[in-house]
Structure formats: C-alpha cells, structure tokens
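Trainee: Please pick one part of this model and go through it closely, along with whatever surrounds it. I would like one connected account, with the cut-offs stated.

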Amino acid sequence: LPLIRESRKERVRTPEDVARLCSDIRDLAQETFHVLMLNAKNNLINRVMATFGILDASLVHPREVFRQAVMENAAVVVLVHNHPSGDPTPSAEDVRVTRQVVEAGRILGILVTDHVIIGRESEGSRGFLSMREQGLCDFAGNK
C-alpha cells in the first residue's frame, strides 16, 4: 500500500514541478526515495515512498520502484529522493541506481523520465538537481 497518496491530478513536466510536489521531503533528517507515477499525458496518478533510508543512505531496488507503478498502470515514472545534507549533488551510488532503474523500466515498458534530488537552496543552487538536465544518465527513448 502506498505510504503517501496524492489525490490531486497535476501535470508533471519539469524538474521544478517535481521539486514543488516533493518539497515536503526537503528538510528530513533521513534519506527517502519516492516515485511519482504519471499517465501518458504526464498527469500525476500517485506518489509513493519506495524506501526510507538510514541517516545517509537509501538503497532502492527496481522492484520497489515499479511494484506500485505496474499496479497503477503508470506509463511514466519520475524518481525523487532527498539529501539530508542539503547538497543535491548526486553520489556515484545515485547514478548507478538510476541507471539500473532506467534499464529495468525499459524492460517493463515504463519510461523513467528523470531523477530529481532534493536539497536546500543556497547561493548558486536552486535547491534541487535534475539528473536528466545534468546529462548524468541516459534517459534516451524517454519523453
């Protein structure tokens, strides 16, 4: 069962949309990994917390990412997690896990369009980072 259920049907098109929708995880002391499930028109179907991590790590497996997405008939997912440090710079593990999830999505026919890391705003940082915008993973074939 989802831990978080979003009832409003919003369109999610940009990393800014994702950061706004998930601003509630910005100041958490532990890392959490969320999945935004979208229909083919990029309207939000549901948001679920896939994992709740220890102090500085939240490992996620593709089965946690896609379990609910398959049941909800999602066409698209966006990955989101927070960095308790406030620095949204992705770790090598963040990039590795994202690549693994993108590949699993290709096999399942569910597009992974981005992985947004939520941190806190600071000088020179808008408080989140889009791995898609940074070119850190090959989201090719995705909308």
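Mentor: Contact means heavy atoms within 4.5 Å. Helices (H or I, at least four residues) and strands (E, at least two) are DSSP runs, numbered from the N terminus. This is a predicted model, in which local features need pLDDT of at least 70 and side-chain atom pairs count only at pLDDT 80 or more, while totals for chains, interfaces and linings use all residues. Residues are numbered from 1 along each chain as its sequence is written, and side-chain values use heavy atoms, with hydrogens and water left out.

The part to look at is strand β3, residues 76–82. Start with its place in the sheet. Two strands are said to pair if DSSP finds at least two bridges between them. On that basis five strands form an open sheet in the order β2-β1-β3-β4-β5, with mixed pairing. β2 (44–52) and β5 (128–130) are the edge strands, each pairing on one side only. From one strand to the next the twist averages 20°; axes are lines fitted to C-alpha atoms, for helices over the stretch in contact, and angles run from 0 to 180 degrees between N-to-C directions.

The two neighbours of β3 are joined to it in opposite senses: β1 (residues 32–38) pairs with β3 antiparallel, over six bridges, whereas β4 (residues 111–118) runs parallel to β3 and is joined to it by seven bridges. Individual partners show the register. On the β1 side, Leu38 stands opposite Val76, and Leu36 has Val78 as its bridge partner. On the β4 side, Asn82 is bridged to Ile118.

Next, burial. A residue is buried under 20% relative accessible area, exposed over 50%, and partly exposed in between (1.4 Å probe, protein chains only). By that measure seven of the seven residues of β3 are buried. In a regular strand the side chains alternate between the two faces of the sheet. In β3, Val76, Val78, Val80 and Asn82 are on one side and Val77, Leu79 and His81 on the other, and all are buried, so both faces are covered.

Helix α3 (residues 92–108) belongs to the surroundings as well: β3, α3 and β4 make a right-handed β-α-β unit. Right-handed means that, with the strands pointing away from the viewer, the path from the first strand over the helix to the second runs clockwise. α3 lies across β3 and β4, at about 160° to β4.

Helix α2 (residues 62–71) is another neighbour. Its buried residues are Pro62, Val65, Phe66, Gln68 and Ala69. They are on the same side of α2, because they cover an arc of only 165° around the axis; the arc is that of the directions from the helix axis to the C-beta atoms. β3 is among the elements that cover these residues, as are β1, β2, α3 and β4. Val70, also in α2, counts as partly exposed because its relative accessibility is 45%. Val70 and Ile110 are 40 residues apart in sequence but 8.4 Å apart in space, C-alpha to C-alpha.

The loop between α2 and β3 holds Asn73. Asn73 is not a glycine, although its phi is positive, at about 60°. With a relative accessible area of 65%, Asn73 is exposed. The loop between β1 and β2 holds Asn42, another residue other than glycine with a positive phi, near 65°. Asn42, however, is buried, at 18% relative accessible area. Asn43 is found in that loop too and is buried at 17%. Leaving aside neighbours within four places in sequence, Asn43 is in contact with Glu10, Arg11, Met37 and Leu38.

Last, the cores. A nonpolar core is a set of buried Ala, Val, Leu, Ile, Met, Phe, Trp, Tyr and Cys residues joined through side-chain atoms within 4.5 Å. The largest has 25 residues, and Val77 of β3 is one of those with the most contacts inside it, along with Val35, Met37, Val65, Phe66 and Val112. β1, β2, α2, β3, α3 and β4 each supply at least two residues of this core, and α3 gives the largest share, five residues. A second, separate core of 15 residues includes Val12, Cys22, Leu38 and Val116. Leu38 is also the residue opposite Val76 of β3.
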